[in-house]
Amino acid sequence: MFKNFIERIGLINVIMLLVVISIIIVSEVLFLSGKKLDAIFIAFWAPTILGFMNYLKYKK
């Protein structure tokens, strides 16, 4: 099942999605620990990376 998913969307995209998920988790941990400005700053990275992935996808 996971191997089929990797073959369908590509290994690089799976890695980037895992990075985005980890960024969201780190942002939540920072927010809940009281570092709200740091959490907001890091939270903006996730949509930026997803937007970059879309750009590369449609550039082809």
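**View 1. Asparagine 4 sits in helix H1, residues 2-9.** Helices here are DSSP runs (H or I, at least four residues), numbered from the N terminus. This is a predicted model, in which local features need pLDDT of at least 70 and side-chain atom pairs count only at pLDDT 80 or more, while totals for chains, interfaces and linings use all residues. Residues are numbered from 1 along each chain as its sequence is written, and side-chain values use heavy atoms, with hydrogens and water left out. Asparagine 4 counts as partly exposed because its relative accessibility is 45%; buried means under 20% relative accessible area, exposed means over 50%, and partly exposed lies in between (1.4 Å probe, protein chains only). How far apart in space are asparagine 4 and serine 27, C-alpha to C-alpha? They are 30 Å apart, with their positions 23 residues apart in sequence.

**View 2. Two spans carry a "transmembrane region" annotation in UniProt.** The unreviewed entry places them at residues 12-33 and 39-56. UniProt positions are given in the numbering used here, feature names are shortened, and annotations may be inferred rather than shown by experiment. In the model, residues 12-33 are 95% helix and 0% strand, and their end C-alpha atoms lie 32 Å apart. Residues 39-56 are 94% helix and 0% strand, with 27 Å between the end C-alpha atoms. Strands, for the record, are DSSP runs of E with at least two residues.

**View 3. Isoleucine 12 belongs to helix H2.** With a relative accessible area of 60%, isoleucine 12 is exposed. Look across to methionine 53: it is 41 residues away along the chain, yet the two C-alpha atoms are separated by 9.7 Å.

**View 4. Helix H4 runs over residues 45-59.** Its 15 residues should span 21 Å at 1.5 Å a residue, and the end C-alpha atoms are indeed 21 Å apart; the expected span is 1.5 Å times one less than the number of residues. Which residues of H4 are buried? They are Ala46, Ile49 and Met53. Seen down the axis of H4, these buried residues fall within an arc of 70°, so they line one face of the helix. The arc is taken from the directions from the helix axis to the C-beta atoms. An α-helix has 3.6 residues a turn, so residues three or four places apart point the same way. On the other side of H4, Thr48, Tyr58 and Lys59 are exposed. The cover over the buried residues of H4 includes helix H2 (11-32) and helix H3 (36-43).

**View 5. The largest nonpolar core has eight residues.** They are Val20, Ile23, Leu30, Ala39, Ile42, Ala46, Ile49 and Met53. H2, H3 and H4 each supply at least two residues of this core. Such a core is a set of buried Ala, Val, Leu, Ile, Met, Phe, Trp, Tyr and Cys residues joined through side-chain atoms within 4.5 Å. Leucine 30 touches Lys35, Asp38, Ala39 and Ile42, leaving aside residues up to four places away in sequence; contact means heavy atoms within 4.5 Å.

**View 6. The structure holds one aromatic pair.** Phenylalanine 41 and tryptophan 45 meet edge-to-face, 5.6 Å centre to centre with 75° between the planes. Rings of Phe, Tyr and Trp (its six-membered ring) pair if their centres lie within 6.5 Å; planes under 30 degrees apart count as stacked, over 60 as edge-to-face and the rest as tilted. Phenylalanine 41 is exposed at 52% relative accessible area, whereas tryptophan 45 is partly exposed at 41%.
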